[in-house]
Amino acid sequence: RLAEQHKGQAVIDADLLDEVTALVEWPVSFVGEFDPTFLKLPKEVLVASMQKNQKYFPVTDNKGKLLPLFISVANIDSKQPNLIKIGNERVIQPRLNDAAFFFERDLKHGLAAHIEGLKKVVYQNKLGTLYEKSQRISKTVSLLAETVNADIKQAQRAADLCLCDLLTEMVYEFPELQGTMGRYYAEADGEDPEVAAALEEYYRPRFAGDSLPENRIAQCLAISEKVDTLLG
C-alpha cells in the first residue's frame, strides 16, 4: 500500500520478507528516498545493495523501472517517524556510494583483463584453476557451436569470458550477481551482444522451472559448463 501511494510497486523477495518478519516484533513500515543519480547503476546492483545490506524493499514503477525509493520496516511506532526515515536515508547513501565505486573500478579494469587472473584461482584441487576450466569449456563449446551452426569464434570468446566476472569487485561484494555483471561489463567493453547475453544466460536454469538460455551461443555455453561440472 505504501508503494502504491507513491505510484509504485514494492519488490518483495520472499526470503527477505521472512527475514524481516523475524527481525521485528512491532513492524511499522515507512518509505525512504535515495539520490536519483544512483539510478545510473544497474538495477540489479541497487536491488542487491538494498536487500542484502539494508533489508530494504525496493520500489519500481508499473514498467519495472526502479524508483529512487525504498521501504523499510521499523521495530517501533515512533513519535518522531521522520527521524527514523532520515536516519535510514543517511545509512543507505554510503552503501550505494560503495556500489558505485565498485562498478566504476570494474569498468575501468575491463572484463577480459581478468582472464590472466583466472590462472591464480583454484576451481578444485584435482580439476585445476578457473582458467583451466574455461579452457575445457572453450573446447566443448566449439564442438557444440559447430553442431548447431552457431558462430564458433563468438562461442569461444564467451567461454573465455564466462568466469571473469567472478574476479570483479562487484561480484566479490554481491556473489548473487555473477553472470549479470558479466553481461553488463561485456556490453560496456563492446563485446558482441550475443556474447554479452551468453555470460548471463549460461547460468540458466538456476532452479527448477527457471527460464532457459535463449540464444545459441548461450545454449552451447550453458551445456558446456554443466557438462564440465558434472564430469569433474
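Let us begin at the surface, with K153: at 70% relative accessibility, this residue counts as exposed, because exposed means over 50%. Keep in mind as we go that this is a predicted model. K153 lies in helix α6. From here we can step across to V195, whose C-alpha atom is 10.0 Å from that of K153, although the two residues are 42 apart along the chain.

V195 brings us to helix α9, which spans residues 193–201 and is mostly covered, with seven of its nine residues buried. These are V195, A196, A197, A198, L199, E200 and E201. What provides the cover? The helices over the buried residues of α9 include α6, α8 (180–188) and α10 (216–231). Look also at the start of α9, where a side-chain oxygen of D192 comes to within 2.8 Å of the backbone nitrogen of E194.

A198 of α9 also leads us to L221, since A198 is among the residues that L221 contacts beyond its neighbours within four places in sequence; the others are I137, V141, A158, A159, C162 and Y202. L221 belongs to the largest nonpolar core, which has 52 residues; together with M50, M170 and M181, L221 touches the most other members. Helix α4 (residues 81–109) supplies the largest share of this core, six residues. Another core lies apart from this one, with eleven residues that include V24, F57, L69 and I71.

Now follow helix α4 to the sheet. Helix α4 lies across β2 and β4, and runs at about 50° to β2. The sheet itself is open and has four strands in the order β1-β3-β4-β2, with antiparallel pairing. At its edges are β1 (9–10) and β2 (28–33), each of which pairs on one side only. Between β2 and β4 (residues 66–74), the antiparallel pairing extends over six bridges. To find your place there, look for S29, which stands opposite V73 in β4.

Our last stop is T168, in the loop between α6 (152–161) and α7 (169–173). Is T168 buried or exposed? At 2% relative accessibility, T168 counts as buried, because the cut-off for buried is under 20%. A polar atom of the T168 side chain lies 2.7 Å from the backbone oxygen of D165. Leaving out residues up to four places away in sequence, T168 touches D106, L111, H114 and Y185.

Technical notes: Residues numbered from 1 in each chain as written. Predicted model: local features only at pLDDT ≥ 70, side-chain atom pairs only at ≥ 80, totals over all residues. Heavy atoms only, no water. Helix = DSSP H or I, 4+ residues; strand = E, 2+ residues; numbered from the N terminus. Buried < 20%, exposed > 50% of the residue type's maximum accessible area, 1.4 Å probe, protein only. Polar contact = N/O pair within 3.5 Å; in protein donor to acceptor, adjacent residues only side chain to side chain. Contact = heavy atoms within 4.5 Å. Core = buried A, V, L, I, M, F, W, Y, C linked by side-chain atoms within 4.5 Å. Pairing = 2+ DSSP bridges. Axes fitted to C-alpha atoms, helices over the stretch in contact; angles between N-to-C directions.
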